[in-house]
Amino acid sequence: MLKAMTAQIREIDDVSSAVSALLAQLDMEKGLRGNSVGILTCGPDFVGSGVVKALCEKLPFDVVGAAATDAAALGGLSVLSLIVLTSDDVLFSAALSRPLDRENSGDAARDVCLSALKGLLNPDGSPSPDLTAPAESFEKCVLGLTVIPFMQWSEGDEILGFLDEATGGVPLFGMRTTEIASVGSPVLFNGEAYFDRLAVVLLSGNVRARFAAVSIMEHKVAKYCALVTGSERNILKTVDDIPIAEYLEKFGLAEKGRLRWKSSIPLLVDRGDGSRPTSVVILDQTPEGYVRMGASVPLNSTIRIGSIDRGDVLESVSDITGIAGRETGAFLFFSCALRGFTLDLDGTTERDRVRETLGDSVPYLFAYTGGEICPLYVQGGQTINRFHNMTAIGCALNSSELKL
């Protein structure tokens, strides 16, 4: 059965004191099982001060995560949060990719998934089998947790697509790191920070995952749908055969072909593949008048303009945490940083609501992200991996022997 231990610290400058305080909260002598992995999020200062590296050197298992904007950091404070997943009948295997670039991202994603798979199939370090049919070899994987970097040349759904293809559709849950002054915050792996690599943790054994994702409330979405008639990856050019800027003018979001303000405007995108529509935000405008989106918007998909406010953010928390139960061994709650901005940078508000709705019995990790990775359910209870913007996502981990 999967269990979890959590710890948080705010101490940044005194490395020894910070590490001691966190280890005391974990109490690993009593709680640690045979197999473990750590998921860590923190403000960037914890990396610069050496706290993250010193902590990981003390932990006898792999630790992955992100130095992303967290709930407290939005409010001017900073916190390091760690959740340790541990079990005697669940296996964890973590791997870090080689550097990503435009040309090799697909190969790097495939290779990191294979590296994690080999660790999963051979946890004792014995020679790995020849994986001649990689996608089929992932059948025993229940879940993949992933952290991908923010990179100017690629949106998160492109890299997620490579991971999805490499694993043959294993459910993938995680985050893209946040953007800080046009520079991504780093992916963390065993105490080191990387701006151009992704991390993957594969899980197999006695574990089952449930997922939830909430973006724009239905009553905050325009009724009128527009058909995407011109797009290239994440560049949206025309809808209903008219320039996108002209379409946005109808809603007061653009004037004379230019966006009226530079802010993230959410669009609800229906790809017509049987999955629920997802939120994709308008990030900015190109010199040609097109708009750059936070993820790809395929041709022949439909869009509707939406909005989100403080009340929507707080109301949606219970929709995510509702998938947890008393038997839940661990809960991961990731929320788009743009939702935090909607709360007027009151960064602890959403975290507090998560704590209230989950109660004290469910160990959880909360973090703000620069893009959310969460499967959506389709017909027959199957899942399809999807990249989201301006969305809250949740993953409840339970024993596979329990009825959900």
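Colleague: Which strand order does the open sheet of four strands have?

Modeller: This is a predicted model. In it, an open sheet of four strands shows mixed pairing, and its order is 13-29-23-24.

Colleague: Which strands stand at the edges of that sheet, each with a single partner strand?

Modeller: An edge strand has a single partner, so one side of it is left without a neighbour in the sheet. From one strand to the next, the twist averages 15°. The two edge strands are strand 13 and strand 24 (364–369).

Colleague: How many bridges join strand 13 to strand 29?

Modeller: Strands of a sheet pair through backbone hydrogen bonds, either parallel or antiparallel. Strand 13 and strand 29 (residues 392–398) run antiparallel. F211 has C395 as its bridge partner in strand 29. The number of bridges joining strand 13 to strand 29 is seven.

Colleague: Which helix packs on this sheet, touching strand 13, strand 23 and strand 29?

Modeller: The helix covers residues 310–321, and its direction makes about 160° with that of strand 13. Strand 23, one of the strands touched, spans 330–336. The helix is helix 10.

Colleague: Is F211 buried or exposed?

Modeller: F211 lies in strand 13 (residues 208–214). Its relative accessibility is 7%, and the cut-off for buried is under 20%. Therefore F211 counts as buried.

Colleague: Which residue forms a stacked aromatic pair with F211?

Modeller: By the rule of ring centres within 6.5 Å, the count comes to seven aromatic pairs. In one of them, F211 and its partner are 6.3 Å apart centre to centre, with 20° between the planes. The partner sits in strand 7 (residues 172–176), 38 residues apart from F211, and at 1% relative accessibility it counts as buried. The residue is F173.

Colleague: Which residues form one aromatic cluster with F173 and F211?

Modeller: The cluster is made up of four named residues, F173 and F211 among them. The others named are F334 and Y377.

Colleague: Which strands are the edge strands of the open sheet of six strands?

Modeller: That sheet has mixed pairing and the order 5-12-6-7-25-28. Each edge strand pairs on one side only. The edge strands are strand 5 and strand 28 (387–388).

Colleague: How many residues of strand 5 are buried?

Modeller: Strand 5 (residues 90–96) pairs with strand 12 (residues 199–205) in the antiparallel sense over seven bridges. Helix 6 (residues 105–121) packs on the sheet and touches strand 5, strand 6 and strand 12. Strand 5 is mostly covered, and of its seven residues the number buried is five.

Notes: Residues are numbered from 1 along each chain as its sequence is written. This is a predicted model: local features need pLDDT of at least 70, side-chain atom pairs count only at pLDDT 80 or more; totals for chains, interfaces and linings use all residues. Side-chain values use heavy atoms; hydrogens and water are left out. Rings of Phe, Tyr and Trp (its six-membered ring) pair if their centres lie within 6.5 Å; planes under 30 degrees apart count as stacked, over 60 as edge-to-face and the rest as tilted. Buried means under 20% relative accessible area, exposed over 50%, partly exposed in between (1.4 Å probe, protein chains only). Two strands pair if DSSP finds at least two bridges between them. Axes are lines fitted to C-alpha atoms, for helices over the stretch in contact, and angles run from 0 to 180 degrees between N-to-C directions. Contact means heavy atoms within 4.5 Å.
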